Amino acid sequence: TQFTSLHRRRLCPPSSRSPISGLPRDTMGPPSAAAAALGSCGADAGAGEDMESSRRLLDCVLGALAALGVSAVAAVSLDLPRHLQLSLAANLGLASLGFVVTTATIESTGAMFIAARLRGIDLNKRTTKRDANGALVRPVQGVEIPESMGTIAATVFILVMSVFIPFAFAVYGRHSFPHADLAEYLAAVLTITFAAFMGFADDVLDLRWRHKIPLPFLATLPLLLVYYANGNETGVMVPTQLRGLLGDYVELGLFFYLFLLILAVFSTHAINIYAGVNGLEVGQSVVIGTSALILNVVQLHRTPTQHTEYREQHLQSLFLLIPFLAVSLALLRLNWFPSRVFVGDTYCYFAGMTFAAVCMVGHYSKTMVLFMLPQFINFVYSCPQLFKFMGIPNPRHRMPSYDVDRGWVENSYTEVRLAELKAVGKVVFWLLRTFRLAHVLPPDADGVVKVSNLTLINFVLFVMGPCREDVLCLRLLLLQVFCSCMCFAVRFGLASYLFETVL
């Protein structure tokens with residue numbers, strides 16, 4: 001897509017690559033040099049120690065979070081029936097196996113993906129060739145990195161969920177078998193599988209947006225039909241202050257299903273357009289997934305045991321989230337700065353649809369909207385460039401630009417011709433300049449004004465200044481964490497003032 005840090009298919013010509021390694025010839029030399037170039041995948045040699053310390057810090061943080069997550073899940077399982085405890089233990093075990101398999105498979109199949117032309121070049125690295133002015137040389141030349149590795153993560157996830165079925169349902173007899181739960185489980189896995197397949201098709205075929213947008217609607221239909229068949233709720237509780245006017249409960253009916261469809265489409269594409277920095281696509285997904293996992297654990301802990309159906313809904317959500325987080329953590333370690341692999345559109349589709357599926361299964365779709373607040377802000381902020389009628393030009397890449405001398409990322413810009421802007425575009429430009437919502441440079445002699453690209457990534461760079469790519473990613477992930485904390489404050493704090501009972 002135009003929003004990611006990959007430059008697909010338009011790579012250096014065959015004459016500039018070694019026929020054996022696939023690396024650019026300027027990286028070739030003694031075998032040890034080629035191996036170092038392949039291993040670093042575009043790392044800045046001058047800052048190698050800082051990069052390795054960044055990776056070590058990431059491993060420590062992920063290890064601590066994983067340990068806390070397993071402990072929390074184990075603690076909450078103590079109040080569950082024996083067969084559900086065994087199911088949860090099996091889920092954790094299979095998820096751990098999925099982490100190992102995902103890591104090993106990605107590390108061993110990188111050359112296969114490159115040979116199949118599923119490869120990209122990281123534009124924001126010193127190993128990517130530039131001219132004397134620092135501009136990228138076209139066609140782009142640099143170290144080739146395997147792309148679409150989200151395919152591996154999605155495939156392992158689907159296999160883990162398939163193997164888990166007997167552990168989740170084998171305890172039930174023929175007459176007491178929960179057919180509705182199985183149907184919902186299978187529909188969720190089918191929906192996620194369909195989304196991952198669409199993402200891989202996008203990676204290979206580079207689909208147009210007019211094809212991308214309607215596809216998630218079709219992928220979500222199996223889960224929505226099962227949701228309808230199981231007679232799940234399609235309404236919302238009314239705040240205490242408004243019950244005299246609207247009653248206790250408002251039935252939305254068809255509009256609720258329309259909301260779920262829109263949520264599925266939004267979550268699938270929102271991660272895809274909030275990208276362009278090593279580790280950001282997977283990192284934001286890990287934060288959102290972890291927030292949803294915490295919500296499920298908290299609800300299982302605080303909900304009385306007599307609310308059996310409500311507790312089982314959150315448990316079903318956990319069964320999907322734990323393996324998803326396991327394969328995502330494996331992918332994040334390899335996609336972290338400096339990236340050794342690219343995740344591709346496959347992972348963005350896969351992650352987005354997983355969030356849509358777990359919130360439908362767990363019945364917390366409104367809370368999921370709050371978890372994805374940065375993605376919503378990024379989408380709204382990007383609208384002047386995404387929709388042509390608003391007038392702000394949309395370049396092929398909106399990712400940050402690269403300062404070769406310092407090895408930092410900084411604002412990238414689009415060129416706006418003020419004389420050619422229509423009325424809507426002039427209003428948008430006035431708002432951006434007046435309220436300092438973007439970095440606007442003075443016009444040149446031809447009346448062309450440079451405006452920083454309208455992404456949340458560029459806005460953070462505008463507000464906080466240039467920095468190294470992993471630092472930028474950390475800032476964006478901390479923003480995601482802050483929004484999740486605000487969501488919990490609203491969900492369990494503010495809601496208590498609006499409703500008599502908060503489950």
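A charge sits over a ring if NZ of Lys or CZ of Arg is within 6 Å of the ring centre and within 35 degrees of the ring normal. Keep that rule in mind for the opening stop. The model on screen is predicted.

**Stop 1: a lysine over a tryptophan**

Select tryptophan 209 and lysine 212. Lysine 212 lies over the face of the tryptophan 209 ring, at 4.5 Å from the ring centre. That distance falls within the 6 Å cut-off.

**Stop 2: a positive phi at aspartate 206**

Now pick aspartate 206. It belongs to the loop between H5 and helix H6 (209–212). Check its backbone: phi is near 55°, a positive value in a residue other than glycine. Is aspartate 206 buried, partly exposed or exposed? Its relative accessible area is 36%, so aspartate 206 counts as partly exposed.

**Stop 3: an aromatic pair between two helices**

Turn on the aromatic side chains. The model holds 22 aromatic pairs. Start with phenylalanine 164 and tyrosine 185. Their ring centres are 6.3 Å apart, the planes meet at 45°, and the pair is tilted. Why does this pair tie together separate parts of the chain? Phenylalanine 164 is in helix H4 (residues 150–169) and tyrosine 185 is in helix H5 (residues 179–205), so the link joins parts 21 residues apart in sequence. Both phenylalanine 164 and tyrosine 185 are buried.

Widen the selection to Phe164, Phe169, Tyr172, Phe177, Tyr185 and Phe319. Ring pairs link these residues into a cluster.

**Stop 4: a tilted pair with more accessible rings**

Go to phenylalanine 387 and phenylalanine 389. Their ring centres are 6.3 Å apart and their planes are at 45°, so this pair is tilted too. Now colour by accessibility. Phenylalanine 387 is partly exposed, at 36% relative accessible area. Phenylalanine 389 is exposed, because its value of 58% is over the 50% cut-off.

**Stop 5: serine 54 and its partners**

Select serine 54. Its place is in helix H2 (residues 48–76). Serine 54 has 10% relative accessibility, and the limit for buried is under 20%, so serine 54 counts as buried.

Show the polar contacts of its side chain. Which side chains does serine 54 join by polar contacts of 2.9 Å? One is the side chain of tryptophan 336. Another is the side chain of aspartate 470, also at 2.9 Å. Now show the wider surroundings. Beyond its neighbours within four places in sequence, serine 54 is in contact with Trp336, Arg468 and Asp470.

**Stop 6: two cis peptide bonds**

From tryptophan 336, step along to phenylalanine 337 and proline 338. The peptide bond from phenylalanine 337 to proline 338 is cis, and omega is near -15°. Proline 338 sits in the loop between helix H11 (308–335) and helix H12 (344–362).

Jump next to arginine 138 and proline 139. Here too the peptide bond is cis, with omega near -5°. Where is proline 139? Look in the loop between strand S1 (119–121) and strand S2 (144–146).

**Stop 7: a positive phi at arginine 436**

Finish at arginine 436. This residue is in the loop between helix H15 (423–434) and strand S8 (448–452). Its phi is near 50°, again a positive value in a residue other than glycine. Arginine 436 has a relative accessible area of 60%, so this residue is exposed.

Note on methods: Residues numbered from 1 in each chain as written. Predicted model: local features only at pLDDT ≥ 70, side-chain atom pairs only at ≥ 80, totals over all residues. Heavy atoms only, no water. Helix = DSSP H or I, 4+ residues; strand = E, 2+ residues; numbered from the N terminus. Buried < 20%, exposed > 50% of the residue type's maximum accessible area, 1.4 Å probe, protein only. Polar contact = N/O pair within 3.5 Å; in protein donor to acceptor, adjacent residues only side chain to side chain. Contact = heavy atoms within 4.5 Å. Phe/Tyr/Trp six-rings, centres within 6.5 Å; stacked < 30°, edge-to-face > 60°.
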